[in-house]
Amino acid sequence: MELVLEVEDADAVTKSALRRLADDAGLPEAERAHAEGAVTEDTAEALAYLVDPFDLVSQVPGVELQQASWSSERIEYDPDSPDWDLDEDDVVDDEDGDR
């Protein structure tokens, strides 16, 4: 799975992550300070703190999350560029997902 997001308001993402950190009563203070620094400095870190990969797939029948990791990079997304076309592996021919 690959997911491309456009963050329209990085400040809102950061503020939301900071609120979630503030509400996490079980988080040790040293860990909280480290997490606050990370989410403040990097929007991708803030997003990673807000989005739980398990929650994304936990209700999908037949899917069990084995491992999840985050990586991010800033890119210039151009939806009209051929670089963003679906690969042959991404194309589905019918409603059942069969080719």
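**Exercise 1. Which residues in α3 are buried?**

Solution. The model is predicted: local features need pLDDT of at least 70, side-chain atom pairs count only at pLDDT 80 or more, and totals for chains, interfaces and linings use all residues. Residues are numbered from 1 along each chain as its sequence is written, and side-chain values use heavy atoms, with hydrogens and water left out.

Step 1. Fix the terms. Buried means under 20% relative accessible area, exposed means over 50%, and partly exposed lies in between, with a 1.4 Å probe and protein chains only. Helices (H or I, at least four residues) and strands (E, at least two) are DSSP runs, numbered from the N terminus.

Step 2. Apply them to α3. The buried residues there are Thr43, Ala46 and Leu47.

Step 3. Look at their directions. These residues are on the same side of α3, because they cover an arc of only 95° around the axis. The arc is taken from the directions that run from the helix axis to the C-beta atoms. An α-helix has 3.6 residues a turn, so residues three or four places apart point the same way.

Step 4. Find the cover. What covers the buried residues of α3 includes α1 (10-23) and α2 (29-41).

**Exercise 2. Classify threonine 43, alanine 44 and glutamate 45 as buried, partly exposed or exposed, and describe their surroundings.**

Solution. Step 1. Start with threonine 43, a residue of helix α3. Threonine 43 counts as buried because its relative accessibility is 16%. Leaving out residues up to four places away in sequence, threonine 43 touches Val7, Ala10, Val13, Thr14 and Arg74; contact means heavy atoms within 4.5 Å.

Step 2. Go on to alanine 44, also found in helix α3. Its relative accessibility is 23%, so alanine 44 counts as partly exposed. From C-alpha to C-alpha, alanine 44 and alanine 10 are 9.1 Å apart in space, while they are 34 residues apart in sequence.

Step 3. Finish with glutamate 45, which lies in helix α3. A relative accessible area of 40% is why glutamate 45 is partly exposed. Not counting residues up to four places away in sequence, glutamate 45 touches Ala38 and Val39. The C-alpha atoms of glutamate 45 and valine 13 are separated by 9.8 Å, and the two residues are 32 residues apart along the chain.

**Exercise 3. Which residue caps the N-terminal end of α3, and what does leucine 50 of α3 touch?**

Solution. Step 1. The cap is aspartate 42: one of its side-chain oxygens lies 3.0 Å from the backbone nitrogen of alanine 44. A polar contact is a pair of N or O atoms within 3.5 Å; within protein, one must be able to donate a hydrogen and the other to accept it, and residues adjacent in sequence count only if both atoms are side-chain atoms.

Step 2. Leucine 50 lies in helix α3. Leaving out residues up to four places away in sequence, leucine 50 touches Val13, Ser16, Ala17 and Arg20. Leucine 50 and threonine 14 are 36 residues apart in sequence, with 9.4 Å from C-alpha to C-alpha.

**Exercise 4. Is arginine 32 buried or exposed? Describe its contacts.**

Solution. Step 1. Arginine 32 lies in helix α2. Its relative accessibility is 10%, so arginine 32 counts as buried.

Step 2. A polar atom of the arginine 32 side chain lies 2.9 Å from the backbone oxygen of aspartate 24.

Step 3. Apart from neighbours within four places in sequence, arginine 32 is in contact with Leu21, Ala22, Asp24, Ala25 and Leu27.

**Exercise 5. How many helices and strands are there in the chain? Give the share of buried residues and of long-range contacts.**

Solution. Step 1. The chain has four helices and zero strands. From the N terminus on, the order is α-α-α-α.

Step 2. The chain has 99 residues, of which 13% count as buried.

Step 3. Take the contacts between residues at least 6 apart in sequence: 37% of them join residues at least 24 apart.
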